[in-house]
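Hi everyone, and thanks for coming. I'd like to walk you through a structure that may be new to you, so please have a look at the picture before we start.

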Amino acid sequence: AQMAAEAGDSSDPEDTPADPPTPYRKFLNAKTCMGKMYMHFTFLVIAVDVLAYIVGGASGVSGSVLQVLGTVEVASAAFFTLDLLQRIFASLQDHSTPSYVCSWSCLIDVLSVAPFFVGLGAGLGVQGSMWTQALRLIRMLKAERYVNAFGIFNKVIADNGQVLSVTGIAAAVMWIFASTLLYYTEAANEDPKTHKFYASVPKAMWMTLLNLSGES
């Protein structure tokens with residue numbers, strides 16, 4: 001909990017406006033009761049979007065299901081567009097527009113709706129193409145402003161950088177040593193399917209990595 005609080009102190013510039021946060025800013029940052037409800041609703045919309053993407057990618061989906069998924073996408077795109085406009089408005093209120101526009105949060109907010117409008121502009125309909133549908137998964141990153149998962153992850157790496165460096169170097173040495181060993185023991189293997197994986201040390205590194213990681 002302490003780590004999450006410390007990581008939260010180094011939040012996005014959007015959360016640290018030049019002026020004291022306005023009530024609207026507190027709402028968007030889930031600092032009020034209604035704001036927390038808005039945050040949970042955002043999580044729900046993100047979850048529905050991910051589920052819709054999974055269902056839409058299945059084979060043999062009926063036309064009626066695709067129509068429902070299209071309606072879901074329109075509603076989601078409208079919600080996230082409104083969210084983007086709200087955050088721009090809030091940044092204008094507390095004079096933090098430059099900080100917000102230049103932040104990763106703003107980029108994610110824009111990319112959350114851009115694929116939908118690009119698909120419409122290209123005449124692909126509300127469903128869009130396979131690529132525009134996949135890009136909509138960027139919306140999952142919108143949860144970062146609330147949970148600060150990457151902030152905590154970054155803090156863990158910073159606090160344990162020396163240990164991670166030592167173990168990383170040790171793992172790399174072991175990987176190269178094991179790859180070389182397998183090359184010398186398997187390069188002359190009479191089975192062509194096995195030989196092709198160990199024809200050289202670089203080629204052996206992939207199979208060695210799978211073996212070291214427990215992949216069978």
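Let me begin with a question: leaving aside its neighbours within four places in sequence, which residues is L28 in contact with? The list is Y38, Q86, R87, A90 and Y146. Please keep in mind throughout that this is a predicted model.

L28 is a good way in, since it is among the residues with the most contacts inside the largest nonpolar core. That core has 16 residues, and Y38, F79, F80 and Y146 stand beside L28 in that group with the most contacts. Where does the core come from? At least two of its residues are supplied by each of α2 (23–28), α3 (33–56), α4 (63–93) and α6 (104–121).

Now let's look at Y146, which sits in helix α8. Is Y146 buried or exposed? With a relative accessible area of 17%, Y146 is buried; the cut-off for that word is under 20%. Setting aside residues within four places in sequence, Y146 has contacts with L28, N29, A30, Y38, M39, T42, F43 and R87. Here is a distance to put beside that: Y146 and K196 are 50 residues apart in sequence, and from C-alpha to C-alpha they are 49 Å apart in space.

One of the partners of Y146 is A30, and A30 deserves a short stop. You will find A30 in the loop between α2 and α3. Its phi is positive, about 60 degrees, although A30 is not a glycine. A30 is also buried, at a relative accessible area of 8%.

Let's move on to the helix pairs. Two packed helices are described by the angle between their axes and the distance between the axes, so those are the numbers I'll give you.

First on my list are α3 and α4. Their axes are 10 Å apart and the helices pack at an angle of about 145 degrees, in a left-handed crossing. On the α3 side, the contact includes Y38, F41, T42, V45 and D49, while the α4 side includes V72, S76, F79, F80 and R87. By class, this contact has 12 nonpolar, four polar and four charged residues.

S76 is worth zooming in on. This residue of helix α4 counts as buried, at 4% relative accessibility. Beyond four places in sequence, S76 is in contact with V45, D49 and R139.

Next, α4 with α6. How close do the axes of α4 and α6 come? They come within 9 Å, and they cross at roughly 140 degrees. The two helices are therefore oblique to each other, and α4 passes α6 in a left-handed crossing. From α4 the contact draws on E73, V74, A77, F80, T81, D83, L84 and R87, and from α6 on D109, V110, V113, F116 and F117. The classes here are eight nonpolar, one polar and four charged.

That brings us to the loop between α7 (130–135) and α8 (144–147), where R136 is found. R136 is buried, with a relative accessible area of 9%. What does R136 touch, not counting residues up to four places away in sequence? Its partners are E73, P115, F116, V126, Q127 and G128. You have just met E73 and F116 in the contact between α4 and α6.

A143 lies in the loop between α7 and α8 as well. A143 is buried at 15% relative accessible area, and away from its neighbours within four places in sequence it is in contact with F43, I46 and N148. Although A143 and M39 are 104 residues apart along the chain, their C-alpha atoms are separated by 8.5 Å.

Finally, let's go further along the chain, to helix α10 (residues 161–186) and helix α12 (residues 201–212). Their axes come within 8 Å and cross at roughly 115 degrees, which makes α10 roughly perpendicular to α12. The crossing is right-handed. In the contact, W175, I176, A178, S179, T180, L182 and Y183 of α10 meet V201, A204, M205, T208, L209, N211 and L212 of α12. Those residues divide into 10 nonpolar, four polar and no charged.

If you take one picture home, let it be L28 and Y146: they are in contact with each other, and both are among the residues with the most contacts inside the largest nonpolar core. Thanks for listening!

Notes: Residues are numbered from 1 along each chain as its sequence is written. This is a predicted model: local features need pLDDT of at least 70, side-chain atom pairs count only at pLDDT 80 or more; totals for chains, interfaces and linings use all residues. Side-chain values use heavy atoms; hydrogens and water are left out. Axes are lines fitted to C-alpha atoms, for helices over the stretch in contact, and angles run from 0 to 180 degrees between N-to-C directions. Angles under 35 degrees count as roughly parallel, over 145 as roughly antiparallel, 65 to 115 as roughly perpendicular and the rest as oblique. A crossing is left-handed if the near helix is turned anticlockwise from the far one by less than a right angle, and right-handed if clockwise. Contact means heavy atoms within 4.5 Å. Ala, Val, Leu, Ile, Met, Phe, Trp, Tyr, Cys and Pro count as nonpolar, Asp, Glu, Lys and Arg as charged, and the others, Gly among them, as polar. A nonpolar core is a set of buried Ala, Val, Leu, Ile, Met, Phe, Trp, Tyr and Cys residues joined through side-chain atoms within 4.5 Å. Buried means under 20% relative accessible area, exposed over 50%, partly exposed in between (1.4 Å probe, protein chains only).
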